[in-house]
Amino acid sequence: MDLNTVLEVRDARQRTPWRTGDAWLGGGTYLFSEPQPHLRRLVDLGRMGWRPLTRRPDGSLEIAATCTIAQLSRFAAAYDAPAAPLFEQCCRAFLASFKIWNMATVGGNLCNGLPAGPMISLTAALDGSCLLQAQDGSLRRTRAADFITGAGRKDLGAGELLRSVTLPARALMCRTAFRQASLYGLGRSGALVIGALDPLDGSLAVTLTAATVRPFRLWFPLPPDAEELRDTIERTVADGDWFDDIHGLPAWRRHMALRLAEEVRSELTGNRGLTRDGVR
């Protein structure tokens, strides 16, 4: 896509006042995928030199916003944390070509705020925290699960930048389960559910994405039975929170989310109990 309204591309290292029509440029896979008539200037993050992935002394993992999907996938292949398989599962949920993998960034996927964004699924499920930087250099943090506030909406001020996402060491030690559903064999996720079982206290987190307009991370101090899990989802996710677009109707997304959540619970707890509907 030729963005013929863009008059300038500047290096993000050169600080100039933010103005209407500016946009941060990461990998550009979304920006150049469709017309952006409101844009006049792109602020390129490509030369910021941020290390893609950093293992911290406390065991946490910091993922730079400019880390590409390909870099994350390569890192996960050699990562020894119990939650490492989830990284590749979420990378594969892109269903994208190698060209996209080598350009698309973790930060870009988060900042698009699309319900089917698999990096949203990954970071929300592992209790990640987003580091945000304002134009004046001030920093703030917010949970990845709270960063997305609706379909295509995120907690970002004008000119504010997503710098990185940090996954805590405890979440990386969790055993995880992943389920995804789509209307088509190679289609966009219609429902994606991730479970994370904490080996230290036995708590279980179940995160719903793709089926909902924003992430829902449900935490249970002890693994629930099938009925408690279903009841919690139905109480927490309102009717208007189920996403509706060409990739799935709300009723179907709700049904699949409930089904996948039970599969995740059963896998992590070894409990094949029946739901109220009698579905295993």
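Let's start where two helices meet: Ala226, Leu229, Arg230, Ile233 and Glu234 in helix H8 touch Arg254, Leu258, Ala261, Glu262 and Arg265 in helix H9. Before going further, keep in mind that this is a predicted model.

How do you describe a pair like that? Two packed helices are described by the angle between their axes and the distance between the axes. Here, H8 covers residues 226-236 and H9 covers residues 250-269, and their axes come within 10 Å and cross at roughly 140°. The crossing of H8 past H9 is right-handed.

Now for a sheet. It is an open one with 3 strands, in the order E1-E3-E2, and the pairing is parallel. Which strands stand at the edges? Those are E1 (8-11) and E2 (22-25): each has a single partner strand, so one side of each has no neighbour in the sheet. On average, neighbouring strands here are turned by 30° against each other, with direction ignored. Zoom in on E2 and you'll find that it pairs with E3 (residues 41-44) in the parallel sense over 4 bridges. One residue to look for is Trp24, whose bridge partner in E3 is Val43.

Trp24 also takes us to the aromatic rings. The count comes to 3 aromatic pairs. In one of them, Trp18 and Trp24 sit 4.8 Å apart, centre to centre, with 35° between the planes, and that pair is tilted. Trp18 is partly exposed, at a relative accessible area of 22%, and Trp24 is partly exposed as well, at 24%.

Another pair is made by Tyr79 and Phe87, with ring centres 5.9 Å apart and planes at 65°. Why is this pair edge-to-face? Planes over 60 degrees apart count as edge-to-face, so the 65° between these two rings puts the pair in that class. Ring pairs also bring in Phe75, which joins Tyr79 and Phe87 in a cluster.

Here is how accessible the rings of these two pairs' residues are, residue by residue:

| Residue | Relative accessible area | Class |
|---|---|---|
| Trp18 | 22% | partly exposed |
| Trp24 | 24% | partly exposed |
| Tyr79 | 10% | buried |
| Phe87 | 0% | buried |

Next, some loops. Ser203 lies in the one between strand E12 (191-197) and strand E13 (204-209). Is Ser203 buried or exposed? Buried: its relative accessibility is 4%, and residues count as buried under 20%. The side chain of Ser203 makes a polar contact with the side chain of Asp201, at 2.8 Å. If you skip the neighbours within four places in sequence, Ser203 is in contact with Ala196, Leu197, Asp198, Trp219, Phe220 and Pro221.

Follow the chain past E13 and you get to Ala210, in the loop between E13 and strand E14 (216-220). Ala210 is buried, with a relative accessible area of 2%.

What about its backbone? Most residues other than glycine have a negative phi, and most peptide bonds are trans. Ala210 has a positive phi, near 70°. Asp127 isn't a glycine either, and its phi is positive at about 55°. You'll find Asp127 in the loop between helix H5 (118-125) and strand E6 (129-133). Is Asp127 buried or partly exposed? At 33% relative accessibility, Asp127 counts as partly exposed, whereas Ala210 is buried.

Note on methods:
Residues are numbered from 1 along each chain as its sequence is written. This is a predicted model: local features need pLDDT of at least 70, side-chain atom pairs count only at pLDDT 80 or more; totals for chains, interfaces and linings use all residues. Side-chain values use heavy atoms; hydrogens and water are left out. Rings of Phe, Tyr and Trp (its six-membered ring) pair if their centres lie within 6.5 Å; planes under 30 degrees apart count as stacked, over 60 as edge-to-face and the rest as tilted. Buried means under 20% relative accessible area, exposed over 50%, partly exposed in between (1.4 Å probe, protein chains only). A polar contact is a pair of N or O atoms within 3.5 Å; within protein, one must be able to donate a hydrogen and the other to accept it, and residues adjacent in sequence count only if both atoms are side-chain atoms. Contact means heavy atoms within 4.5 Å. Two strands pair if DSSP finds at least two bridges between them. Axes are lines fitted to C-alpha atoms, for helices over the stretch in contact, and angles run from 0 to 180 degrees between N-to-C directions. A crossing is left-handed if the near helix is turned anticlockwise from the far one by less than a right angle, and right-handed if clockwise.
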